[in-house]
Amino acid sequence: MRAAATRSAGLLAVLAAVGLLPWLSGRDPALTVLRARSAEQEPTREALDAVRRDLGLDAGPLALLGRWAAGLGRGDLGASWVSGTEVLPSVLAGLRVSLALMGAALAVALLLTVVLVVPVLVRGRASAGAGAAMLAAVPEFLLATAGLLVCGVWLGWLPTSGWAGPEHLVLPAVALGVPAGGLLGRLVADALPAVLDERWVELWRGAGVSRARIRAAALQRVLPPLVPQFGMVAVGLTGGAVAVETVFAVPGIGRTALGAAKSQDLPLLQGAVLALLLLGLLTGAAAALVRRRLLGPALRDASLALPAPRPVRTHPAVPGVLAAVLLTAIGWGLSRDPYTVRTAARLAPPSWAHPLGTDGLGRDVLARLGHGAAATVGTAAAVCLLSLAVSLALGFLPAVAAGAADIANALPPVIVGILVAAAAGPGTGGAALAVALVSWPPLAAHAAALVQEVRASAYLTAQRAIGAPPWWILTRHVLPSVAAPVARHALLRLPGIALALASLGFLGLGARPPAPEWGLLLDESRAYVERAPWAALAPAVALALLAGLAVSGASYAQRPRTGTKARTRRMSGVGA
Amino acid sequence: MSEPLLEVRDLVVRHGATTAVDHVSFSLAPGETLALNGPSGCGKSSTALAVLQLRRPDGGQVRFEGRELTTLTERELRPLRPRLQPVFQDPYGSLSPRQRIRDAVAEPLRLRGRRPTPGQVAALLERVGLDPSYGDRRPRELSGGQCQRVGIARALAGEPRLLVLDEPVSALDPSVRAGVLNLLADLRDERGLGYLFICHDRDVVRHFADRVVELREGRVTSEWRPRRSAAAPR
């Protein structure tokens with residue numbers, strides 16, 4: 001109940017933040033709007049005041065919010081600041097395109113899920129494992145760029161941009177659907193072996209039921225608890241759509257939102273973000289409904305609790321090798337100069353002087369890669385520390401943490417990034433804030449579980465018995481046993497956080513040029529990808545290695561937790 | 001007889017609607033071992049926690065060394081706590097799994113701003129029959145009996161007058177039990193400690209206690225003296 005209350009409070013806060021964007025941004029948009037409307041008009045005070053009055057910016061924040069909410073009730077989203085046209089029709093047009101794209105992406109995801117699950121069903125007890133996890137970890141913007149490069153540019157099979165026919169749908173749908181399919185496929189494939197181990201399978205087999213029917217029944221048993229995951233996948237699709245639509249120039253709602261954020265067209269941004277949030281929420285609600293229908297009211301309790309996505313156990317050498325390759329490239333690159341522009345050596349192919357070639361301004365790609373890593377890792381480390389501090393603080397308030405985590409989980413980092421960029425302007429700080437806002441929930445959940453475990457343990461009573469005051473117990477016993485595992489967890493999330501930062505950089509919401517940020521490198525190299533593919537390939541490969549590191553490293557985050565669990569079990573066994 | 005070390009009068013402990021301890025009264029002289037005996041669920045452990053003020057009673061008085069504990073605030077209680085120490089049933093659960101044995105034993109001293117020397121800690125460990133080299137280990141690396149000895153050393157560090165022993169040997173192997181009970185008996189004679197000994201095992205109680213209070217469903221049903229102390233001179 002309390003979690004539900006904090007959840008709706010969180011939702012209202014997000015809505016209010018969207019409604020207050022024009023005020024939150026703090027900067028005067030009058031000049032931007034004036035420039036956008038007529039290039040030749042002089043920015044005199046009278047002209048700017050007229051624009052301000054026109055936009056209603058002279059009223060206070062509450063009046064602004066009230067007017068926006070009232071308009072929302074009438075289905076009026078206001079008019080674009082830049083073009084002056086109504087927002088609602090453009091939002092609806094974008095939504096139509098995005099829905100088609102998401103539908104196709106969902107089809108790709110389901111197809112991939114089937115491909116991943118069939119071997120488990122046929123061969124019995126093995127999981128789809130590392131491959132699926134890697135697919136799920138590859139960010140959409142990277143997949144989209146790779147697809148664009150290979151199928152669009154080199155092979156020339158498919159169009160690379162626009163929205164004119166079904167052939168334009170293929171590449172974006174694949175880029176959007178593959179990570180989602182990897183996630184779903186892995187969930188089903190991980191749950192199936194446990195179901196096939198249940199008693200009834202032996203019984204049915206003994207009674208001579210055919211293998212095909214047993215498998216169908218097992219699938220039927222796995223699906224209901226899985227359906228809510230479709231809601232999560234839908235949330236992921238709304239975030240991924242922004243990147244994919246931008247790469248392929250698809251005129252969908254995600255690209256609309258991004259464009260509006262970049263041009264400070266706040267009414268359009270409000271409408272687009274609202275549509276994206278609604279899309280995520282509605283899909284989640286629909287998934288819950290489907291699950292209820294699948295189970296029937298009487299079966300709800302007996303449903304199979306889906307095991308938490310198991311961390312993929314890769315060979316310990318895998319993260320080591322990935323890290324070594326990355327560190328070598330970064331170290332080499334750091335010793336070189338990333339900023340010197342040599343127009344004579346533009347788009348040079350790899351050579352001894354430039355091991356990874358040069359970019360469009362003749363800058364050394366390897367150097368930019370190395371220096372970009374230092375900046376990205378530094379920012380990611382700061383984000384990690386911030387999330388760690390937040391999660392340790394909120395770990396002591398589990399009810400608040402649960403509700404807030406629900407909201408943060410339902411917001412893709414890209415959409416938060418768009419909102420933060422709209423309020424504070426694009427920049428490294430804003431991107432870091434956006435990623436920090438969504439990266440603390442898993443850490444806070446871990447911290448809350450540990451705090452609960454430590455608080456319940458008998459040795460805290462023993463501490464009180466020797467006369468230890470509360471601060472002594474907190475600083476010497478509770479905090480050390482919580483902070484160390486949560487800090488380790490945070491460290492292992494570093495590559496994932498760096499990826500999220502890179503995706504914001506790629507969309508132009510993070511670091512500004514000429515900073516050598518990885519996402520930005522990939523974005524810049526797209527312009528001349530046909531002439532200098534290596535300039536795009538280098539950051540793409542580096543990001544893929546980072547994704548691999550994120551997955552293989554995350555598996556080691558779980559180890560200490562299972563250790564404590566075994567210990568508690570033993571303790572309670574003794575106490576009973 | 002001198003003033004009692006511990007005097008409990010009309011103690012009441014409720015868990016929700018059920019009354020776990022229902023107007024229990026007893027007293028304990030310095031150096032005496034009083035056993036609370038009864039089946040599980042009779043309110044023994046609730047009484048122990050209430051005497052220790054680790055769970056505040058819902059009624060009644062607890063006088064320790066002539067001071068009324070139930071009216072003291074948590075802050076006022078803290079300096080008194082080292083003088084009445086518990087030894088719990090679960091030997092592992094009462095020690096922090098992260099702490100080295102040395103630090104666990106030294107903690108009660110550090111709490112009062114002292115800086116225990118390695119020799120002091122070693123002497124405490126030796127007193128409870130542990131080799132001082134165990135100080136480097138953590139609770140997981142010790143047996144249940146050894147951990148219980150560490151718990152006793154920790155209690156002794158506060159120089160207590162009264163130990164509340166809540167089923168101190170129930171979780172241990174029978175072969176280890178006798179050793180721990182002998183240690184407790186030695187300490188009682190050596191330091192004149194009073195023991196409030198919670199135990200469901202009549203045989204153990206008969207050999208160990210001076211006086212036994214029987215509890216049933218939260219009430220005192222009878223009080224008796226084992227033959228050992230009945231034969232002993234007063």
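User: In this predicted model, which hand does the crossing of α6(A) and α9(A) have, and how close do the axes come?

Analyst: The crossing of α6(A) and α9(A) is right-handed. The axes of α6 (residues 87-123) and α9 (residues 167-196) of chain A come within 6 Å and cross at roughly 35 degrees. The residues of this contact comprise 23 nonpolar, five polar and one charged.

User: Why is α4(B) called oblique to α5(B)?

Analyst: The axes of helix α4 (residues 118-127) and helix α5 (residues 144-157) of chain B cross at roughly 125 degrees, coming within 9 Å. Angles of 65 to 115 degrees count as roughly perpendicular and those over 145 as roughly antiparallel; the crossing angle therefore makes α4(B) oblique to α5(B). The crossing is right-handed.

User: Which residues make the contact of α4(B) and α5(B), and what is their character?

Analyst: Leu124(B), Leu125(B) and Arg127(B) of α4(B) meet Ala153(B), Leu156(B) and Ala157(B) of α5(B). Five of these residues are nonpolar, none is polar and one is charged. Arg127(B) is the charged one, because Arg counts as charged whereas Leu and Ala count as nonpolar.

User: Which residues touch the most other members of the largest nonpolar core?

Analyst: They are Ala257(A) and Ile418(A), in a core of 153 residues. Helix α9(A) supplies the largest share of this core, 15 residues.

User: What is Ile418(A) in contact with, leaving aside its neighbours within four places in sequence?

Analyst: Ile418(A) is in contact with Ala257(A), Leu258(A), Ala261(A), Val273(A) and Leu509(A). A second, separate core of 71 residues includes Ile466(A), Val62(B), Phe197(B) and Ala209(B).

Methods:
Residues are numbered from 1 along each chain as its sequence is written. Chains are lettered from A and ligands numbered from 1 in the order in which they are written. This is a predicted model: local features need pLDDT of at least 70, side-chain atom pairs count only at pLDDT 80 or more; totals for chains, interfaces and linings use all residues. Axes are lines fitted to C-alpha atoms, for helices over the stretch in contact, and angles run from 0 to 180 degrees between N-to-C directions. Helices (H or I, at least four residues) and strands (E, at least two) are DSSP runs, numbered from the N terminus. Angles under 35 degrees count as roughly parallel, over 145 as roughly antiparallel, 65 to 115 as roughly perpendicular and the rest as oblique. A crossing is left-handed if the near helix is turned anticlockwise from the far one by less than a right angle, and right-handed if clockwise. Two residues are in contact if their C-beta atoms, placed from the backbone, lie within 7 Å. A nonpolar core is a set of buried Ala, Val, Leu, Ile, Met, Phe, Trp, Tyr and Cys residues joined through C-beta atoms within 7 Å. A residue is buried if 20 or more other C-beta atoms lie within 10 Å of its own, exposed if 12 or fewer, and partly exposed in between; C-beta atoms are placed from the backbone.
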